[in-house]
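Hi,

Here is the structure I promised to send over. Have a look at it first, and then read on for what I found in it.

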Amino acid sequence: MTAEELRKYVTSLGIPRGQISDYLGVDYRTMSRWLSGASPIPRMLEIIVKANAIKVKTTSKIVKSKVLDS
């Protein structure tokens with residue numbers, strides 16, 4: 001995962017970066033280094049992000065289909 005991919009994902013959540021870093025249990029500066037590309041993004045974070053992205057996409061498809069069916 002690249003810093004650009006992580007930035008896009010973080011931005012899409014609409015949650016302040018400080019809250020995301022708190023949720024992940026890392027210092028805000030660590031998150032900033034990942035987002036800037038100054039530090040490599042841990043593989044485990046990539047797995048978490050991709051798993052969560054799939055969940056979000058799946059949920060939005062379900063919600064859209066239910067709204068359209070109403």
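Let's start with Val26: its relative accessibility is 23%, so Val26 counts as partly exposed. Buried would need a value under 20%. Val26 sits in the loop that joins H2 and H3. If you skip residues up to four places away in sequence, Val26 touches Ser21 and Trp34. Before I go further, please keep in mind that this is a predicted model.

**The overall picture**

The protein chain has four helices and zero strands, so to speak an α-α-α-α run from the N terminus on. Of the 70 residues in the chain, 20% are buried. Looking at contacts with a separation of 6 or more, 50% of them are between residues 24 or more positions apart.

**How far to trust it**

Mean pLDDT for the chain is 80, with 74% of the residues at 70 or more. Among the elements, H3 has the highest mean pLDDT, at 94, and helix H4 (residues 43-69) the lowest, at 65. Over residues 65-70 the pLDDT stays under 50, and the model has zero contacts there beyond four places in sequence.

**Ser21 and Tyr28, on either side of that loop**

Ser21 belongs to helix H2 (residues 17-24). Is Ser21 buried or exposed? With a relative accessibility of 1%, Ser21 counts as buried. Leaving out neighbours within four places in sequence, Ser21 is in contact with Val26, Asp27, Tyr28 and Met31.

Tyr28 is one of the residues of helix H3. Its relative accessibility is 43%, which makes Tyr28 partly exposed. Not counting residues up to four places away in sequence, Tyr28 touches Arg17, Gly18 and Ser21. For Tyr28 and Gly18, the C-alpha to C-alpha distance is 5.8 Å, and they are ten residues apart in sequence.

**H2 against H3**

Those contacts are part of a helix pair. The axes of H2 and H3 are 9 Å apart, and the two helices pack at an angle of about 110°. An angle from 65 to 115 degrees counts as roughly perpendicular, and H2 and H3 are therefore roughly perpendicular to each other. From H2, the contact uses Arg17, Gly18, Ile20, Ser21 and Leu24, while H3 brings in Tyr28, Met31, Trp34 and Leu35. By type, the residues of this contact are six nonpolar, two polar and one charged.

**H1 against H3**

H3 has a second partner to look at. Helix H1 (residues 3-13) and helix H3 (residues 28-36) have axes that come within 7 Å and cross at roughly 120°. That makes H1 oblique to H3. On the H1 side you'll find Ala3, Leu6, Arg7 and Val10, and they meet Trp34, Leu35 and Ser36 in H3. This contact divides into five nonpolar residues, one polar and one charged.

**Which way the helices face**

A quick reminder for this part: an α-helix has 3.6 residues a turn, so residues three or four places apart point the same way.

Which residues of H1 are buried? They are Ala3, Leu6, Tyr9 and Val10. Viewed down the axis of H1, these buried residues fall within an arc of 125°, so they line one face of the helix. The face turned away from that buried side carries Lys8, Thr11 and Ser12, which are exposed. Just after H1 comes Gly14, with a positive phi of about 70°.

In H3, the buried residues include Met31, Trp34 and Leu35. Down the axis of H3, its buried residues fall within an arc of 95°, so they too line one face of the helix. Arg29 and Ser36, on the other side of H3, are exposed. Gly37, just after H3, takes a positive phi of about 90°.

If you open the model, I'd go to Trp34 in H3: Trp34 is buried, touches Val26 in the loop, and takes part in the contact with H2 as well as the one with H1. Leu35 is also buried, and Leu35 likewise appears in the contact with H2 and in the one with H1.

Cheers

Note on methods:
Residues numbered from 1 in each chain as written. Predicted model: local features only at pLDDT ≥ 70, side-chain atom pairs only at ≥ 80, totals over all residues. Heavy atoms only, no water. Axes fitted to C-alpha atoms, helices over the stretch in contact; angles between N-to-C directions. Parallel < 35°, antiparallel > 145°, perpendicular 65-115°, else oblique. Contact = heavy atoms within 4.5 Å. Nonpolar A, V, L, I, M, F, W, Y, C, P; charged D, E, K, R; others polar. Buried < 20%, exposed > 50% of the residue type's maximum accessible area, 1.4 Å probe, protein only. Arc of directions from axis to C-beta. pLDDT = per-residue confidence, 0-100.
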